[in-house]
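User: Please take a close look at a single part of this model, the second chain, and set out how it is built and what surrounds it.

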Amino acid sequence: MNEFIGFTVSGLVSAGLYAIVACGLTLTYTTTGIFNWAHGALVAVGAFSYWQFAVDWGLPTPLAAAICLLLVGPLMGVTLEAVIMHRLEGTSEATRMVVTLALLLGVLAGMNWIWPPSQQRLVPRIAGGHVLTVLGQRVPYSDILVIATGLLVAVGLRTLLYRTRAGVEMRATVDDRTLATLNGASPSRTAMRSWAIGSTLAVLAGILIAPRGALSATTLALLIVNAYAAAVIGRLRSLPMTFVGAVILGLATGYAQGYVGSRQDITGYQYLVGLVNVLPVVVLFVALQFLPQSRLRGARVLRVKEVSSRPTWPGTLVLAVSVVIVAVAVAPLLSPGDLNSVTKVWGLAIVALSLVPLVGYGGRLSVCPLSFAAIGAVVVSHLGGSGNPVVIIWAVLIAAACGAVLSLTVIRLSGLYLSLATAAFAVMLDNWILTLPKFTAVIRVPFTDVTLYRHEITIFEGGSLDVRRPSFFGVHTTGDHAFFIYGAVVFALVTLVVAAVRRSDFGLRLIALKDSPVGYATLGLNGRLTSMAVFAFSAGLAGLGGAVYGAAIQRPSPNVFSFFSGLSILLAVVILGVNSIGAAAAAGVFVGGPALTNLFPGLAQLSSTLIGTAGIGLGDNPNGAVPAEMRPRWRPVPRAPVVLVGGLAAVVITYFLTLAGVLGNWTFATVLVVVLLAMPPVARYVAEIPAPRPVRDAEADGLSGPPELLGLTLPVTSADLDRVSREISVPRPRPTGGSHGT
Amino acid sequence: MGLEISGVSVRFGGLHALDDVSIDARGGMITGLIGPNGAGKTTLFNVITGVQRAASGRVLLDDTRIDRVPAHRRARLGLGRTFQRLELFGSLSVRENIRVATGALPRSRREATVNQLLDRVGLGDVADERADALSTGVGRMLELARCLAAEPSVLLLDEPASGQDDQDTARFAALLTSLAADGMAVLLVEHDMELVMGVCERVHVLEFGRLIASGTAEEIKNDERVRVAYLGEEVPA
């Protein structure tokens, strides 16, 4: 009985923490419409700040807690709203999610800079070792504090939202911003208030979690993903239901840890212990299945028009051939060490490319690309012992089958809920499936001893895989040089496949389904089947990427396929342009390339920080860098052949001088960068083309500014008049000589 | 042959959006469905096409019961529809919008069907424009063309003339007549009474989710309940 009470108390402590985190998350979501993926990272900031004040600087505990709660929390929330969140108004749900995912990555990278993970940080318990005896069980005061705080937060927030004017204003703003403004509410003030309260709650959770083990930013951020289950049980709306969800989750975790997680003597312990650790994520996945089925969604008024241009065959062929030529040319210049580390670029680029049809064309934001890559790597490791290339086909097929199965379970979900489900899948795979020891899968005919299927399955064997590099008709890719070129060829072939998909009827259907699911269904097209097909296709490509990536590393461990690593790839490809095939190549180079760490070896977090920072700015330019910035800049170059040929000649001459040892690699790199930067403006000058303007929100919306301000504080442009004429279906009169009035 | 709806009811909480509605739309004929705003016309279209489930009632398409069939299969069985609020695939071109709808046709016929429909609804000039750059009136013609590409036997049109000028509406009326002459059943929801009374052989009238009148265009014009519903006139005691 004492044991049961002990587990119950432990479960209620977890419940209290989950409640604080989930209520903060729900509050910001219901009052701003933004699901803050970085909420866990804010909890980590709270915990580390508390450690900084209370332990490192030795301030008294109450003072340290007060500084964190009254200064750090609110300030962080206000800064978030002022610098990032207010820019997200009117952007699509996907953009909002990507920005907060980028914030998660950016904050974690920043924290690892400020508080290097190599140092162990421990925080003493609040109220020391004082305990209270409850039903014969000694319960520390600090545990009681957590449980009571969780309850108070839930009741307090409910009262705030439903019993105070400020709360009603916050809810009204998210329902109808304009109407709330007309009735005297200030949307910016209410948003500021919401973020300040949400951040302070995250800091509060951080302070309460801090004494419960050595601090680790990544572990804390991931631990908080567990609390998302409670928020989903409350359907991200109801605070009382969120609290109930937190209690269910906390108790389930407490009992599972107590009865299974700490008893190594029970049968199957080694298989169940991982499940116990991911139980909240399993609950999240299951809870998502029980969300009410939404009606078919209609087309929304798109403020942000995504550029989803159809790739041309000549353009795609140029890209594919260039990739191979660059790989062949660069390989001899790299040192053995650099070549070894750069081989993984192509595997990651293929994984990035797998997101183009799924996220770019299909609009389904999946955050588990590396999970399918892991499956691909596991398959080639176990079936391709002698470097047999045929296993790559198996890797693609098995990963595609897993993608199809996952899609069946998440088929009715879209937007945020789909992303949460794929995040849950990624975490389940990371922390449970990939760590499973060897087991035997057996399928028997029921009630008989007849065995239909029996196979011993090993995954990572508790360590790392041994992935052999393939051989084709006697050509071995075991060396880094050959493998680097092989990776480039595979990537080039995949770009052709993805371009063919985008140009096919299936590609059109993906975009149509994204634009208007209801329009799609009423044309006799099965949206669920299309979703499943694109999931399977993307998973198959990711599996291929995993096979190439695994073979590049040769002995990959499960952590190279982690949720956060997958997030880096997703963010990189979205930032560069998720509709663009070229962006995937750039994303692979950026995430996998050693250039940044070579240039700045002391700044190991540089690439994550850059991705995070660039992603945070995505609210300003949701089309991504390649379609919106690079393509318009480079468009004049082919129209100025002298510049094109001259630039290429400069690069080729410098390359051969480098190859001959006359020039060093750095000189070649410098010339390359200078030529690439100089070609677009020189071409524009030669061809007399005006400088391009990047595509921005207001232009994408069709009007050069808010309609109510046109003609008052903003000039009416010719494009505005065209747009208005189209909207009201009145042909625009041709100007008769005079200028347009405003 | 055509569409038959009997006893359809839909409730939103305590509100009866549709209450025991029974109407039909026969092949080779244009049938009007009119009523004030909020009468339940779009809700009825949603029920017929499977976008929304009814609390009770039956929907028959060419004598086959379809009210338990998913939306995409109803469309495959021959049900086509346009929307009051445009449901175009905004990031695709006009041509691509129609091309998507030809999915059920043999591959060899698709391109020809797209070109033929572009000509038929007069969208040849804007075939390569993005759909979200079109005016509402042109967008409605595109939605109709896209719908026709799936070769439906019953066509549901939700306020297709809104956003169109008089000339376009006249062209549109001629197109509807030709579709009905080809044997198609057309159910038309429209506020433009001139268009409805001009092309519809039969008209059904909804008010507050209930069917208050059915008959020929002439009968409906003279129906007192309809005049009250539309014009707020008192019914003489």
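Analyst: A residue counts as buried if 20 or more other C-beta atoms lie within 10 Å of its own, with the C-beta atoms placed from the backbone. This cut-off is needed for helix 3 (residues 94-101) of chain B, where 8 of the 8 residues are buried, so the helix is largely enclosed by the rest of the structure. The model is a predicted one.

The buried residues of helix 3 of chain B are B:Val94, B:Arg95, B:Glu96, B:Asn97, B:Ile98, B:Arg99, B:Val100 and B:Ala101. These residues pack against helix 4 (107-120) and helix 5 (136-149) of chain B, and also against helix 20 of chain A. The surroundings of helix 3 of chain B thus include an element of the other chain.

That leads to the interface. In it, 27 residues of chain A are in contact with 30 residues of chain B. On the side of chain A that touches chain B, two or more residues come from each of helix 20 (505-515), helix 21 (517-521) and helix 31 (718-727) of chain A. Helix 20 of chain A gives the largest share, 6 residues. By class, the residues on this side of chain A are 10 nonpolar, 9 polar and 8 charged.

Chain B as a whole comes next. Its secondary structure comprises 9 helices and 10 strands. For 237 residues, a compact globule would have a radius of gyration near 18 Å, and chain B agrees with this at 18 Å. Along the principal axes, the C-alpha atoms of chain B fill a box of roughly 60 × 40 × 35 Å. Of the 237 residues in chain B, 48% are buried. When contacts in chain B between residues at least 6 apart in sequence are taken, 64% of them join residues at least 24 apart.

The strands can be taken sheet by sheet. One open sheet of chain B has 4 strands in the order 2-1-4-5, with antiparallel pairing. Its edge strands, each pairing on one side only, are strand 2 and strand 5 (64-65) of chain B. Strand 1 (residues 2-12) and strand 2 (residues 15-26) of chain B run antiparallel and are joined by 8 bridges. Within this pair, B:Val10 has B:Leu18 in strand 2 of chain B as its bridge partner. The hairpin of strand 1 and strand 2 of chain B has 2 residues between the strands, and B:Gly13 there takes a positive phi near 65°.

Strand 1 of chain B also pairs with strand 4 (residues 56-61) of chain B, in the antiparallel sense and over 5 bridges. Here B:Ile5 is matched with B:Val59 in strand 4 of chain B as its bridge partner. Strand 4 of chain B is in turn joined to strand 5 of chain B by 2 bridges, and these strands run antiparallel. The bridge partner of B:Leu61 in strand 5 of chain B is B:Thr64. Helix 1 (residues 41-49) of chain B lies across strand 1, strand 2 and strand 4 of chain B, and runs at about 115° to strand 1 of chain B.

Another open sheet of chain B has 6 strands in the order 6-7-8-3-9-10, and its pairing is mixed. The edge strands of this sheet are strand 6 (79-81) and strand 10 (210-216) of chain B, each of which pairs on one side only. From one strand to the next the twist averages 20°. Strand 9 (residues 202-207) of chain B and strand 10 of chain B run antiparallel, joined by 6 bridges. In strand 10 of chain B, B:Leu211 is the bridge partner of B:Leu206.

Helix 1 of chain B packs on this sheet too, touching strand 3 (30-34), strand 6, strand 7 (154-158), strand 8 (185-189) and strand 9 of chain B. The direction of helix 1 of chain B makes about 150° with that of strand 7 of chain B. Helix 1 of chain B therefore has contacts listed with strands of the 2-1-4-5 sheet and with strands of the 6-7-8-3-9-10 sheet.

For context, the partner chain, chain A, has 31 helices and 6 strands. Of its 742 residues, 47% count as buried.

Technical notes: Residues are numbered from 1 along each chain as its sequence is written. Chains are lettered from A and ligands numbered from 1 in the order in which they are written. This is a predicted model: local features need pLDDT of at least 70, side-chain atom pairs count only at pLDDT 80 or more; totals for chains, interfaces and linings use all residues. Two residues are in contact if their C-beta atoms, placed from the backbone, lie within 7 Å. Ala, Val, Leu, Ile, Met, Phe, Trp, Tyr, Cys and Pro count as nonpolar, Asp, Glu, Lys and Arg as charged, and the others, Gly among them, as polar. Two strands pair if DSSP finds at least two bridges between them. The radius of gyration is taken over C-alpha atoms; the globule rule is 2.2 Å times the number of residues to the power 0.38. A residue is buried if 20 or more other C-beta atoms lie within 10 Å of its own, exposed if 12 or fewer, and partly exposed in between; C-beta atoms are placed from the backbone. Axes are lines fitted to C-alpha atoms, for helices over the stretch in contact, and angles run from 0 to 180 degrees between N-to-C directions.
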